[in-house]
Amino acid sequence: MGIYFDEEKKIFKLDTENTSYLIGLTGEGYVGHIYYGKKLLRTGGRYLLRTEKSPSVLKREKSSFLDTFPMEYPTCGVGDYRESCLDVMNPMGQTGCEFFYRSHEVIEGKPALKGLPASFGKAGETETLFIHCEDPVLGLWVTLSYSVFMKEDVITRSVKIENKSTSTLVLDKVYSACLDMDNRDFEMVSLAGSWGRERRIQRSALSYGRKNMSSVRGESSHQEHPFMALVTPETTQDQGEAYGMHFVYSGNFMAQAELGQYDQVRAVMGINAWQFSWQLLPSESFQAPEVVLVYSDEGLGKMSRSLHDFYRNHMIRSPYVFKKRPILINNWEATYFNFNTEKLLDIAREAKKAGIEMLVMDDGWFGKRNNDNCSLGDWVVNEEKITTGLKDLVDKVNEIGLEFGIWFEPEMVSPDSDLFREHPDWAIGIVGRERTQSREQYVLDLSRQEVVDHVYECVAKILRSANIAYVKWDMNRQLCDVGSAVLPQNQQGELFHRYVLGVYQLQERLVTEFPDLLLENCSGGGARFDPGMIYYSPQIWCSDDTDAMERLRIQEGTALIYPLSCMGAHVSDCPNHILNRVTPFSTRGNVALAGTFGYELDITKIAEEDREQIPGQVEQYHKYNHLVQSGDYYRIASWSSEKPYDCWAVVSKDREEVLVTCVQVLASPNRNSYCMRLKGLDSEKLYCLEETGEIFGGDELMQCGILISGLSGDFQSKLFYFKSVETM
Ligand code: DGJ
């Protein structure tokens with residue numbers, strides 16, 4: 001049992017293995033937050049519910065009560081001046097709402113959220129609490145849901161709004177979760193970046209006022225990430241407290257922490273209210289997406305491991321989640337648009353010899369697409385390039401002994417395309433205004449069911465036509481000119497969210513019709529790498545930047561919150577196409593091994609000494625990938641935090657095996673070796689280093705460390721694989 005209700009004290013206690021979350025009800029029915037943190041043995045806690053100024057005690061100061069009270073779901077306009085989670089406009093155009101507890105229920109397991117990606121769990125793994133609240137003035141009901149995932153120390157939250165009145169109400173803001181706490185000198189850890197350098201970790205102290213990460217780009221974005229952690233100043237990888245909040249959503253979001261006048265912190269997360277409004281007719285409801293909450297009192301490392309387990313066990317539905325993915329070779333950096341059947345078959349033949357298992361045909365196989373200025377939307381095979389047709393190509397690749405994968409960018413349309421010429425109104429745009437191009441393309445209006453149906457049929461038709469095992473689903477621009485040709489004036493504010501629902505519907509249909517398909521999401525690299533997308537695809541392309549050194553940072557930031565097995569990572573050719581940097585082929589391989597692993601180069605053209613290394617890398621992948629897939633991740637050293645080297649380890653759940661990767665980013669003069677203290681081993685066990693046969697104690701490896709030596713220059717790297725042995 002993870003959820004308890006103390007009838008007498010009116011306290012809900014939500015327990016995971018190591019954490020507790022306490023909610024209290026006031027006499028008036030306000031749903032207040034009491035505590036979130038390390039597990040408590042007893043309910044206790046009611047003294048922390050700040051009821052001293054509650055309206056039934058001091059009606060004349062209701063506003064100062066609302067402005068201080070730690071709320072589970074704060075609302076707008078009636079006296080709480082901090083950030084609200086719900087803004088509702090009545091038929092008069094006035095904004096204000098206030099909710100009171102009416103009832104609750106607890107169920108085993110967790111129901112799905114209609115139309116949205118969301119975590120799942122069976123009875124015994126999770127329990128869900130629903131708290132039903134009413135605004136009697138508006139006739140609006142709010143159900144707050146809390147699902148407790150015992151083993152992973154995760155609590156997920158979401159909110160459903162129901163209009164039980166006879167009038168139309170307008171939701172101007174619906175966030176999904178709030179966490180009110182007293183400040184403990186909190187600092188915010190978040191992920192920020194740009195195209196080619198996604199998800200770099202940043203950290204800074206809160207100061208009075210509001211600090212946020214957000215997106216208004218129509219996708220979760222390269223720039224800011226729907227995640228934040230509040231950490232105490234002493235928090236490191238291995239110690240200190242961390243409160244993580246992660247949004248299961250792929251569109252505009254808001255993640256905000258506000259430090260207020262009474263030194264209280266309010267952290268909120270949800271769909272960005274910018275250009276959002278939702279018309280709620282009588283008896284309609286609105287389901288807000290889910291927020292994942294995680295608490296660790298053993299630093300950021302423990303937070304990462306809890307999230308990794310949670311996403312692997314309860315978010316990624318793909319049958320591939322715990323399977324070794326085929327090692328693929330993708331032709332994008334190999335050929336860009338300049339390829340044909342023969343070229344692809346040459347790559348496939350050479351790849352087969354090296355042990356590669358799948359060929360992925362990237363952008364440029366359809367319409368008249370020989371560069372990026374046309375044909376998106378025309379999903380018809382270009383038989384000038386794919387001369388004998390797609391089925392024949394796929395069959396030939398299969399005969400060579402490789403599986404076949406294909407690229408799509410289904411959400412887009414080129415101005416120069418038959419689709420756009422036929423249906424110009426299917427592209428998102430504002431009446432009378434020339435649409436803004438980005439990569440010379442427009443975005444399809446996926447709020448329209450006929451557009452979704454058309455797009456789906458285009459993709460499905462191709463997949464039905466040949467033996468296609470993998471799809472890379474790309475999205476190469478962000479949304480602007482956000483207008484729909486069909487939504488009425490008072491519903492245009494729904495377009496951003498309806499667009500995301502359209503994407504979810506498309507991917508849901510795809511994985512339903514093709515349950516064995518390996519789907520990889522992508523958005524100009526990693527602009528839509530979020531928990532929503534991993535519900536549909538077990539892996540996402542991390543970044544267009546395949547330079548091994550940049551990848552160290554990108555993958556460190558990504559691995560802070562996502563399992564390594566989600567991270568699309570390939571070995572590419574050098575000089576790197578984005579940075580011109582030259583790194584050793586072996587290091588490129590070692591860095592890509594931390595993710596899904598594959599190649600993104602012309603194997604028929606690369607240097608012989610590089611090609612010769614591929615079979616060895618393939619062997620390493622087969623040998624170690626089970627650790628990457630399901631092991632515990634430990635960050636040991638970080639180049640991005642000023643160390644000249646980067647180091648991480650994956651440890652099997654039974655602590656029997658560990659794979660350590662160490663990359664010397666910058667060599668130092670007059671320094672031969674350094675010590676790297678491992679983490680997460682069993683101090684009582686003995687471990688054998690595969691390379692030398694030397695035996696070490698787990699305690700020795702953790703307390704003294706391994707000696708890194710012999711890395712002679714910049715960008716050199718080394719793998720260490722240890723396996724436990726019975727005796728010396
Ligand atoms: C962006 C992706 O991230 C690349 O890998 C490649 O698929 C291109 N789009 C193709 O246009």
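**Group meeting talk: a ligand site and the strands of the chain**

Let's start at the ligand. One of its oxygen atoms is 2.9 Å from a polar backbone atom of glycine 525. This is a predicted model, so please keep that in mind throughout. The protein covers 98% of the 290 Å² of accessible area that the ligand has on its own.

Who sits around the ligand? Its surroundings consist of 13 residues. The closest are Asp362, Asp363, Lys472, Asp474 and Asp544. Two of these names come with distances. Aspartate 362 places a polar side-chain atom 2.7 Å from an oxygen atom of the ligand. Lysine 472 also has a polar side-chain atom 2.7 Å from a ligand oxygen. How does the shell divide by residue type? There are 4 nonpolar, 3 polar and 6 charged residues in the shell around the ligand.

Now a step outward, to a sheet. Lysine 472 falls within strand β26, which spans residues 470-473. Strand β26 belongs to an open sheet of 9 strands. The order is β29-β28-β27-β26-β23-β22-β21-β31-β30, and the pairing is parallel. Which strands stand at the edges? They are β29 (567-568) and β30 (571-572). Each has a single partner strand, so one side of each is left without a neighbour in the sheet.

Look inside that sheet for a moment. Strand β23, residues 403-408, pairs with β26 in the parallel sense. There are 4 bridges between β23 and β26. Phenylalanine 408 stands opposite tryptophan 473 of β26.

One helix next. Helix α4 covers residues 341-354, and threonine 341 is in it. Is threonine 341 buried or exposed? It is buried, because its relative accessible area is 4% and the cut-off for buried is under 20%. Its side chain reaches the backbone nitrogen of threonine 387 at 3.1 Å.

Next, strand β7, residues 126-135. How many of its residues are buried? The count is 10 of the 10, so β7 is largely enclosed by the rest of the structure. In a regular strand the side chains alternate between the two faces of the sheet. Here is how that looks in β7. Thr126, Thr128, Phe130, His132 and Glu134 point one way. Glu127, Leu129, Ile131, Cys133 and Asp135 point the other way. All of them are buried.

What are the partners of β7? One is strand β6, residues 100-108, which pairs with β7 in the antiparallel sense over 8 bridges. In that pairing, histidine 104 stands opposite isoleucine 131 in β7. Another is strand β8, residues 140-149, joined to β7 by 10 bridges. β7 and β8 run antiparallel. Threonine 126 is opposite phenylalanine 149 of β8.

Stay with β7 and β8, for the turn. Their hairpin has 4 residues between the strands. Glycine 139 takes a positive phi there, near 70 degrees.

On to strand β20, residues 291-296. In β20, 6 of the 6 residues are buried, so the strand is largely enclosed by the rest of the structure. Val291, Leu293 and Tyr295 point one way. Val292, Val294 and Ser296 point the other way, and all are buried.

β20 has pairings too. Strand β9, residues 154-163, pairs with β20 in the antiparallel sense over 4 bridges. Threonine 156 has valine 292 of β20 as its bridge partner. Strand β15 also runs antiparallel to β20, with 6 bridges between them. For methionine 245, the bridge partner in β20 is leucine 293.

Glycine 244 is worth a stop. It lies in β15, residues 242-247. Glycine 244 is buried, because its relative accessible area is 3% and buried means under 20%. Its C-alpha atom and that of phenylalanine 227 are separated by 7.3 Å. Along the chain, those two residues are 17 residues apart.

Last, the start of the chain. Here 4 strands form an open sheet in the order β1-β2-β3-β4, with antiparallel pairing. The edge strands are β1 (3-6) and β4 (31-38), each pairing on one side only. The twist averages 15 degrees from one strand to the next. Strand β3, residues 19-25, pairs with β4 over 7 bridges, in the antiparallel sense. Leucine 25 stands opposite valine 31 in β4.

That's the tour. Back to the ligand for the picture to keep: 13 residues surround it, and the protein covers 98% of its own accessible area.

Methods:
Residues numbered from 1 in each chain as written. Predicted model: local features only at pLDDT ≥ 70, side-chain atom pairs only at ≥ 80, totals over all residues. Heavy atoms only, no water. Near = heavy atom within 4 Å. Polar contact = N/O pair within 3.5 Å; in protein donor to acceptor, adjacent residues only side chain to side chain. Areas by Shrake-Rupley, 256 points an atom, 1.4 Å probe, with all protein chains shown as cover. Nonpolar A, V, L, I, M, F, W, Y, C, P; charged D, E, K, R; others polar. Pairing = 2+ DSSP bridges. Helix = DSSP H or I, 4+ residues; strand = E, 2+ residues; numbered from the N terminus. Axes fitted to C-alpha atoms, helices over the stretch in contact; angles between N-to-C directions. Buried < 20%, exposed > 50% of the residue type's maximum accessible area, 1.4 Å probe, protein only.
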